[in-house]
Every structure is written in C-alpha cells, then in structure tokens.
Amino acid sequence: QVQQNVERLFTRFVEEGKATVRLREPAVDLCLSKANVVNLKTFLSAVRLAHQGNDTGVLPLSPLVPAKNSDVEKPKTKMIITSRRDYPLTKSFPFSLEHLQTSYCKLARIDTRVLCLKKLRKLDLSHNHIKQLPATLGDLVCLQELDLHDNHLEAFSGALCSSGLQKSLQFLDLSQNQIQALPIEFCQLRGLVQLRLDDNALLRLPCRIGQLSRLRFLSAARNKLPFLPCDFRKLSLENLDLFGNPFEQPNPLVPNIQLKIPSTLLECAARATVNHGIPYGCHLLPSHLCKDLEVAKTCQCGSACLSSFIQITVTMNLHHVAHTVVLVDNMGGTDAPVLCYFCSLDCYSQFLDRHLQSN
C-alpha cells in the first residue's frame with residue numbers, strides 16, 4: 001500500500017543510483033542502491049504520484065525484474081557502537097533496530113533519534129556521561145533491557161516508572177551512577193526480573209520493593225544502606241548481593257517512637273481506609289494524601305499506620321528471601337537489619353516479650 005503511506009523520500013544521492021523510501025505502515029525504510037539513475041528517478045516519480053492517489057499508468061515504468069537474494073539487504077536489527085568516532089552524526093538509525101549499543105561514546109544525553117526506534121528491545125547506553133533521562137524514554141514500549149551502567153545519573157524519574165516500561169522492562173542496570181534514592185513509583189515496574197544498583201550512593205531502597213514479585217536477581221552492593229525496608233521480606237529471589245553497605249547493628253530495645261496519643265483524625269481515617277480496603281484516588285482526596293496512603297506502614301498485627309507508629313530494626317537472615325546470598329561483609333555474615341513497625345504500644349510490648357523470651 002503506497003497511497004497516503006509514504007512518510008518521506010530521501011533523494012540526496014539519486015544521481016549515484018541511491019534512494020530511500022520511508023513508509024508509515026509498516027514503519028520501514030526501503031533502501032535502493034546500484035540502480036539505473038533514469039529508472040530510479042522514474043520509479044520515485046511513480047511513488048510520489050501513487051502516494052497522492054494519482055494514476056501511475058501514464059509513466060513509462062520498466063518491467064519488474066525479480067531481485068537476487070544477494071542484492072536484497074535485510075532489515076538491520078542490531079547495531080553496536082563502542083567509540084565516539086563511530087557514532088553516526090548525520091545518518092539516521094535504522095527504524096528496524098531491536099538491539100542498540102552505544103557505549104564509550106561520551107554521550108551527555110540520550111539522542112532523540114534513539115527515542116524514535118519503537119522496535120527496540122535492548123538498549124545499552126553504558127559507559128557514557130548521561131546525567132538525566134528524558135520522559136520520552138518510556139515511549140519505547142517494547143524495551144525489555146536497559147543498561148545505564150557507568151553514567152552520571154542522580155535520579156530515575158517517577159514518570160518513567162509510570163510509563164509503558166511498567167509492563168515491558170525486565171532488566172535494568174543503574175550501577176556505577178550517583179543515585180541516592182529511587183522514587184515511590186519505582187515499584188510499578190512489575191516486570192523487572194533483574195535489577196543492578198551497585199556502586200551508587202543509595203541511602204534507602206523503595207519502601208514497596210516487595211511489589212516486584214517477578215524480581216529474581218537483585219544487586220545493590222557498595223551503597224550507603226543503613227537498613228532494609230520492611231517490605232523486603234516479601235521478595236523471592238534467586239540471587240542477592242548487598243556486600244559493602246554500612247548496615248546498622250539492630251537493637252529492638254531502642255525503638256523510634258512516633259506515636260501520637262490520642263491518634264489524630266487523619267491517622268484514624270487513614271488506618272480505616274487501608275485496613276478496610278476503601279477505594280480512594282485523586283478525584284476524592286488531595287494527591288499528597290493518596291501518596292501517603294500508598295506508602296502506609298504495616299504493623300506485625302496486620303494493621304496499617306500512617307504517621308503514628310513505633311519503628312525498630314531487627315535482624316533478618318537474607319536466605320529467607322534469596323536462594324543464593326553474597327556475603328554482607330568480610331566476616332562471612334548473611335544477616336542484615338530490616339525495619340519493623342508497630343501501630344501501638346500493645347503490639348510493641350507483645351513483640352518485646354517474645355523477643356526477650358527467645359533470647
């Protein structure tokens with residue numbers, strides 16, 4: 001189908017027997033080369049008329065001769081560039097690309113031409129100087145693997161976590177960057193199977209990390225994590241590496257008490273909303289309250305608490321959440337501190353009794 005289906009004709013090198021016809025549907029480039037110049041010009045004129053819906057019968061088109069297999073160039077699906085001098089500055093990337101690697105190219109930002117490659121499944125931008133990710137990166141709805149290892153990133157935006165990457169992204173490498181925290185929305189990337197966060201400046205992991213139910217490989221070595229979020233217990237991993245983090249020594253006998261007695265009306269309403277599964281949204285509540293409800297803490301009794309709670313850290317053996325665990329420190333340990341919350345003094349007292357009896 002040619003009528004109203006030609007996106008653009010590239011005819012700069014037509015005198016050399018070369019031209020490209022870019023179609024809209026399917027989104028492919030038809031690259032012509034080694035053509036007779038006169039015949040090529042006639043063909044391009046016919047394409048223009050056909051695109052406009054005009055009759056092409058008046059054109060003296062030569063009979064079609066089947067092309068040899070050796071003359072037909074298959075759509076390019078993979079391109080690997082590993083130096084600045086090989087990076088294309090004037091040529092477009094083939095629309096058919098499914099795997100693109102542009103490493104060691106000293107890129108300060110992601111090329112907008114890359115963001116138009118809708119068939120990309122694997123994008124490797126490692127070993128560059130990228131500081132920020134554009135929101136339009138989330139438009140690559142087929143993207144399964146994203147490697148941003150060894151860049152200058154300071155954040156991974158919530159907009160990307162709420163984009164089409166939610167369903168497609170399975171492998172994400174953010175290691176060797178300068179990220180201190182990941183957004184609340186990060187745990188919307190429910191398709192993640194492998195996540196690498198090594199050698200950043202992470203002060204915490206996402207509080208709802210347990211929602212990443214498909215995650216099997218997690219690496220966050222050599223960060224600044226003092227403890228793990230309570231939700232970490234819900235993970236079911238094959239391999240876990242948390243080596244080289246400055247984990248605090250757990251002390252259940254020294255609680256961080258944030259209880260407000262009596263409870264505020266906001267706290268009571270928030271607990272009731274979460275405990276009874278009452279629907280809510282930005283059409284009913286201010287957006288900041290919705291965000292607070294989404295990260296409500298859970299007491300060991302199962303009840304929710306918002307801003308009134310008792311917090312402690314307890315020891316957890318990482319083999320409870322992972323089959324293979326890289327040692328946490330040089331002493332051979334596989335234990336790490338994990339946050340624990342209580343909604344009342346009564347719940348904390350019951351935990352304390354059990355803890356003291358077990359010791």
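In this predicted model, the domain assignment divides the protein chain into domain 1 (6-52), domain 2 (78-224) and domain 3 (256-315 + 337-358). The centres of domain 1 and domain 3, taken over C-alpha atoms, are separated by 65 Å.

The largest nonpolar core comprises 76 residues, and those with the most contacts inside it are L123, F156, F186, L218, L228, F232 and L318. At least two residues of this core are supplied by each of β4 (78-81), α2 (158-161), β11 (237-241), β15 (310-317), β16 (322-326), β17 and α6 (345-358). The greatest contribution is that of β17, with six residues. Both domain 2 (78-224) and domain 3 (256-315 + 337-358) provide at least three residues to this core. A second, separate core has nine residues, including L9, V21, L23 and V47. With residues up to four places away in sequence not counted, L123 touches L100, V114, L137, L140, L143, E145, L146 and D147.

The second largest pocket has a volume of about 660 Å³. Its lining consists of 26 residues, of which C207, R208, P229, C230 and Y341 are the closest to the pocket centre. Two or more lining residues are given by each of the elements β13 (297-298) and β17 (335-342). The largest share, three residues, comes from β17, the strand that also gives the most to the largest nonpolar core. By class, the lining of this pocket contains 16 nonpolar, three polar and seven charged residues. Because domain 2 (78-224) and domain 3 (256-315 + 337-358) both give residues to the lining, the second largest pocket lies between these domains.

Two loop residues were examined for burial and contacts. L212 is located in the loop between β9 (194-196) and β10 (217-219). With a relative accessibility of 2%, L212 counts as buried, because the term applies to values under 20%. Apart from its neighbours within four places in sequence, L212 is in contact with F186, C187, L189, R190 and L235. One of these contacts, R190, is 22 residues from L212 in sequence, with 5.2 Å between the two C-alpha atoms. S96 lies in the loop between β4 and β5 (99-102). Its relative accessibility is 14%, so S96 is likewise classed as buried. Beyond neighbours within four places in sequence, S96 contacts P75, K76, T77 and K119.

Several loops also contain notable backbone geometry. Most residues other than glycine have a negative phi, and most peptide bonds are trans. The peptide bond from E25 to P26 is cis, with omega near 0°, and P26 is placed in the loop between β2 (19-23) and β3 (29-32). A cis peptide bond, again with omega near 0°, links I261 to P262; P262 occupies the loop between β12 (256-257) and α4 (265-275).

Positive phi values occur at Y104, where phi is near 55°, and at R222, where phi is about 55°; neither Y104 nor R222 is a glycine. Y104 is found in the loop between β5 and β6 (122-124), and its relative accessible area of 49% makes this residue partly exposed. R222 lies in the loop between β10 and β11 and, at 41% relative accessibility, also counts as partly exposed.

Definitions and conventions
Residues are numbered from 1 along each chain as its sequence is written. This is a predicted model: local features need pLDDT of at least 70, side-chain atom pairs count only at pLDDT 80 or more; totals for chains, interfaces and linings use all residues. Side-chain values use heavy atoms; hydrogens and water are left out. On a 1 Å grid over the protein atoms alone, a cavity is a set of points where a 1.4 Å probe fits but cannot get out, and a pocket is an open set with protein on both sides within 12 Å along at least five of seven lines; lining residues have an atom within 4 Å of a point. Grid points are joined across faces, edges and corners, and a volume is the space filled by probe spheres set on the points. Helices (H or I, at least four residues) and strands (E, at least two) are DSSP runs, numbered from the N terminus. Ala, Val, Leu, Ile, Met, Phe, Trp, Tyr, Cys and Pro count as nonpolar, Asp, Glu, Lys and Arg as charged, and the others, Gly among them, as polar. Domain bounds come from an automatic or database domain assignment. A nonpolar core is a set of buried Ala, Val, Leu, Ile, Met, Phe, Trp, Tyr and Cys residues joined through side-chain atoms within 4.5 Å. Buried means under 20% relative accessible area, exposed over 50%, partly exposed in between (1.4 Å probe, protein chains only). Contact means heavy atoms within 4.5 Å.
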